[in-house]
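Me: I have a structure open and would like to learn how to read it, feature by feature. Could you walk me through it?

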Amino acid sequence: QVQLVESGGGLVQAGGSLRLSCAASGRTFSNYTTGWFRQAPGKEREFVSVIRSSGVSTNYADSVKGRFTISRDNAKNTVYLQMNSLKPEDTAVYHCAVSSYYGSRSRDPSRYDYWGQGTQVTVSS
């Protein structure tokens, strides 16, 4: 069992920045791939970014590439999502999730075993 708690969301103007954190407890966090997903009202959950357990490999959705950066500190059992140049279309609830898998299907939410409750990000125009 892994417990995940997201934090760092809030209200920001377009062009601003936020840094989300995903803090884990339970099983050895450093063994898991960690992904960030988001869900806007009335829309399906959408892949944002993923980082391998070692932190060496990362991947991003095209919509956030060049603006968002994922990183992890395994000593602190925490994964971060630095979000810059935010746009109104980034408004959503952001969830982190962990998986024992990393590969071509890491964008698929069904590959993830444990999820956090999410943190709201609202970007005003």
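Reply: Happy to; the turns below go from the overall fold to the core, the disulfide, strand pairing and backbone angles. One thing to keep in mind is that this is a predicted model.

Me: How many helices and strands does the protein chain have?

Reply: A count of secondary structure is a good place to begin. Here the protein chain has 0 helices and 11 strands, so there is nothing but β in its pattern along the sequence.

Me: What does the radius of gyration say about the protein chain?

Reply: The idea is to set the value beside what a globule rule gives for that length. The radius of gyration is 13 Å, close to the 14 Å from the rule for 125 residues, so the chain is as compact as a globular protein of that length. Along the principal axes, its C-alpha atoms fill a box of roughly 40 × 25 × 25 Å. Of the 125 residues, 42% count as buried. The accessible surface is about 6,200 Å², and carbon and sulfur atoms account for 43% of it.

Me: Which residues have the most contacts inside the largest nonpolar core?

Reply: For a core, look at its size, then its best-connected members, then the elements that feed it. The largest nonpolar core has 34 residues, and those with the most contacts inside it are Leu-4, Trp-36, Phe-68, Leu-81, Met-83 and Tyr-94. Among the elements that give two or more residues to this core are strand 1, strand 3, strand 7 and strand 9. Strand 9 provides the largest share, 5 residues. Leaving out residues up to four places away in sequence, Phe-68 touches several others, including Arg-38, Val-48, Leu-81, Met-83 and Tyr-94.

Me: Where in the sequence does the disulfide tie parts together?

Reply: For a disulfide, read the sulfur distance, the handedness and the sequence span. The count comes to 1 disulfide: Cys-22 and Cys-96 form it, with their sulfur atoms 2.1 Å apart. Cys-22 sits in strand 3 and Cys-96 in strand 9, so the pair ties together parts that are 74 residues apart in sequence. The link is right-handed, with 70° about the S-S bond. Both Cys-22 and Cys-96 are buried.

Me: Strand 9 keeps coming up. How many of its residues are buried, and which strand does it pair with over 7 bridges?

Reply: Burial and pairing are read together here. Strand 9 is mostly covered, with 7 of its 8 residues buried. The strand that pairs with strand 9 over 7 bridges is strand 4, in the antiparallel sense; in this pairing Arg-38 stands opposite Tyr-94. Strand 9 also runs antiparallel to strand 11, joined by 3 bridges, and Ala-92 stands opposite Val-121 there. A further 2 bridges join strand 9 to strand 10, again antiparallel, where Tyr-114 is the bridge partner of Val-98.

Me: What is the sign of phi at Asn-77 and at Ser-85?

Reply: The general background is that most residues other than glycine have a negative phi. Asn-77 has a positive phi, near 50°, without being a glycine. Asn-77 lies in the loop between strand 7 and strand 8, and its 29% relative accessibility is why it counts as partly exposed. Ser-85 is also not a glycine and has a positive phi of about 50°. Ser-85 lies in the loop between strand 8 and strand 9; at 41% relative accessibility, Ser-85 counts as partly exposed.

Terms used
Residues are numbered from 1 along each chain as its sequence is written. This is a predicted model: local features need pLDDT of at least 70, side-chain atom pairs count only at pLDDT 80 or more; totals for chains, interfaces and linings use all residues. Side-chain values use heavy atoms; hydrogens and water are left out. A nonpolar core is a set of buried Ala, Val, Leu, Ile, Met, Phe, Trp, Tyr and Cys residues joined through side-chain atoms within 4.5 Å. Buried means under 20% relative accessible area, exposed over 50%, partly exposed in between (1.4 Å probe, protein chains only). Helices (H or I, at least four residues) and strands (E, at least two) are DSSP runs, numbered from the N terminus. Contact means heavy atoms within 4.5 Å. A disulfide is a pair of cysteine sulfur atoms within 2.5 Å. Two strands pair if DSSP finds at least two bridges between them. The radius of gyration is taken over C-alpha atoms; the globule rule is 2.2 Å times the number of residues to the power 0.38. Accessible areas come from the Shrake-Rupley method with a 1.4 Å probe; for residues, only the protein chains shown count as cover.
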